[in-house]
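Reader: I have a structure open and don't know where to start. Can we go through it together?

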Amino acid sequence: MTIPQSLRRAAANAVEANALLQDPAAQRGGTRPQLRRYDVCSLLPNGQIAETRHVAPSLPLFEDAFTAFCRGSLIETTQGPIAIEDLLPGDELITFDGDPLPLLWKGSTSLIPSRSGQHGRSHRLTSFTADSLGEAKPMSTVVAGPAARLLQRAPLPGIKLDNAVSLVPVQQYHDGMSIFETAPPTAVDLFHLCLPRHAAISVGGLPFETYHPGPEALKLVSHAIRTLYLNLFSHVESIAGFGPLAYPRILLQDPDMN
């Protein structure tokens with residue numbers, strides 16, 4: 001692994017990041033956003049792997065890019081199931097449409113699920129016990145992060161689908177028995193994955209989506225926040241670089257879950 005950054009470039013990035021975090025809009029609001037550390041592992045065009053560390057606001061735009069899967073989650077690859085923390089950019093992940101795609105980007109952060117965010121945003125996890133969505137779905141307990149969505153092909157009690165196939169936030173599956181929220185009081189490592197295109201992959205035997213910010217994610221943010229966000233992804237230059245959504249999404253039905 002190599003980190004293709006000179007000391008001069010790293011220093012310039014640090015100065016730039018510090019300036020970007022001084023968002024005038026946030027300063028006028030009287031409260032400065034909390035900051036969080038985000039770690040990124042990326043596949044470069046020359047085939048090398050770059051590992052970088054970023055400091056950015058703990059805003060939904062940033063947190064959702066890092067908080068879908070917990071440490072220990074098993075990802076189905078062409079080499080068999082691999083724990084998410086052991087995945088490397090370039091590994092081939094098996095998608096639900098049958099095509100293996102290389103992992104381009106893996107992001108991770110650490111947070112305490114029992115502690116709400118600056119604006120009361122929940123960081124609770126969702127636990128799917130064995131067989132909670134059908135026989136061997138999943139085969140063993142899967143714990144997903146707050147940003148995870150499942151590919152749902154048929155209506156379930158409490159889940160209305162506007163399309164035949166939709167991506168459903170994991171919070172919509174809570175039944176208080178076999179699928180429930182959990183909030184450990186200690187820090188948990190969370191991850192997300194990005195492929196060349198938006199897709200669904202098998203995580204613990206369940207069809208979860210890979211990362212995509214959504215086509216409107218940067219529509220209302222400041223130039224400073226937009227620049228800081230795009231610096232996290234070496235493989236895209238704009239929001240269009242993520243491509244189209246592979247499946248439609250449904251929104252959380254309970255506003256308290258946002």
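Author: What follows is a short walk through the model, topic by topic.

Reader: Fine. What kind of model is it, and what is its mean pLDDT?

Author: The model is predicted. Its mean pLDDT is 87, and 84% of the residues reach 70 or more. Over residues 1-20 the pLDDT is below 50. Beyond near neighbours in sequence, that stretch has 19 contacts in the model.

Reader: How many helices and strands does the protein have?

Author: The protein has 4 helices and 16 strands.

Reader: And how much of the protein is buried?

Author: Of the 258 residues, 43% count as buried. The accessible surface comes to about 13100 Å², with 54% of that belonging to carbon and sulfur atoms.

Reader: What about contacts between residues that are far apart in sequence?

Author: Take the contacts between residues at least 6 apart in sequence: 62% of them join residues at least 24 apart.

Reader: Let's pick a helix. Is helix 4 mostly covered or mostly open?

Author: Helix 4, residues 223-230, is mostly covered, with 6 of its 8 residues buried.

Reader: Which residues of helix 4 are the buried ones?

Author: They are Ala 224, Ile 225, Thr 227, Leu 228, Tyr 229 and Leu 230.

Reader: Why do people look at residues three or four places apart in a helix?

Author: An α-helix has 3.6 residues a turn, so residues three or four places apart point the same way.

Reader: New topic: aromatic rings. How many aromatic pairs are there?

Author: The count comes to 13 aromatic pairs. One of them is Phe 128 with Phe 208, whose ring centres are 6.4 Å apart with the planes at 85 degrees, so the pair is edge-to-face.

Reader: Where in the chain do Phe 128 and Phe 208 sit?

Author: Phe 128 is in strand 9 (residues 125-128) and Phe 208 is in strand 16 (residues 206-209). They are 80 residues apart, so the pair links distant parts of the chain.

Reader: Are those two buried or exposed?

Author: Phe 128 has 0% relative accessibility and therefore counts as buried. Phe 208 is also at 0%, so Phe 208 counts as buried as well.

Reader: And how are Tyr 211 and Phe 242 arranged?

Author: Tyr 211 and Phe 242 form an edge-to-face pair, 6.0 Å centre to centre with 85 degrees between the planes. Tyr 211 lies in the loop between strand 16 and helix 4, while Phe 242 lies in the segment after helix 4, so the pair ties together parts that are 31 residues apart in sequence. Both Tyr 211 and Phe 242 are buried.

Reader: Which residues form the aromatic cluster with Tyr 211?

Author: Tyr 38, Phe 62, Phe 66, Trp 105, Tyr 211, Tyr 229, Phe 233 and Phe 242 form one cluster. Tyr 229 came up before, among the buried residues of helix 4.

Reader: Back to strand 9. What joins the side chains of Thr 126 and His 174?

Author: A polar contact of 2.8 Å joins them. Thr 126 is in strand 9. Its relative accessibility is 1%, so Thr 126 counts as buried.

Reader: What else is Thr 126 in contact with?

Author: Leaving aside neighbours within four places in sequence, Thr 126 has contacts that include Val 142, Val 143, Ala 144, Ile 179 and Phe 180.

Reader: And the loop after strand 9? Which peptide bond is cis?

Author: The bond from Lys 137 to Pro 138 is cis, with omega near -5 degrees. Pro 138 is in the loop between strand 9 and strand 10.

Reader: Why would anyone point that out?

Author: Most residues other than glycine have a negative phi, and most peptide bonds are trans.

Reader: Which residues there have a positive phi, then?

Author: Asp 131 is one of them, with phi near 65 degrees. Ala 136 has a positive phi of about 65 degrees, although it is not a glycine. Asp 131 is in the loop between strand 9 and strand 10, and Ala 136 is found in that loop too.

Reader: How exposed are Asp 131 and Ala 136?

Author: Asp 131 has 45% relative accessibility, so Asp 131 counts as partly exposed. Ala 136 is partly exposed, with a relative accessible area of 36%.

Reader: Last thing: how many disulfides?

Author: The count comes to 0 disulfides. As for cysteines, Cys 41 is at 7% relative accessibility and so counts as buried. Cys 194, at 2%, counts as buried too.

Definitions and conventions: Residues are numbered from 1 along each chain as its sequence is written. Side-chain values use heavy atoms; hydrogens and water are left out. Buried means under 20% relative accessible area, exposed over 50%, partly exposed in between (1.4 Å probe, protein chains only). Helices (H or I, at least four residues) and strands (E, at least two) are DSSP runs, numbered from the N terminus. Rings of Phe, Tyr and Trp (its six-membered ring) pair if their centres lie within 6.5 Å; planes under 30 degrees apart count as stacked, over 60 as edge-to-face and the rest as tilted. A polar contact is a pair of N or O atoms within 3.5 Å; within protein, one must be able to donate a hydrogen and the other to accept it, and residues adjacent in sequence count only if both atoms are side-chain atoms. Contact means heavy atoms within 4.5 Å. Accessible areas come from the Shrake-Rupley method with a 1.4 Å probe; for residues, only the protein chains shown count as cover. pLDDT is the predictor's confidence in each residue, from 0 to 100. A disulfide is a pair of cysteine sulfur atoms within 2.5 Å.
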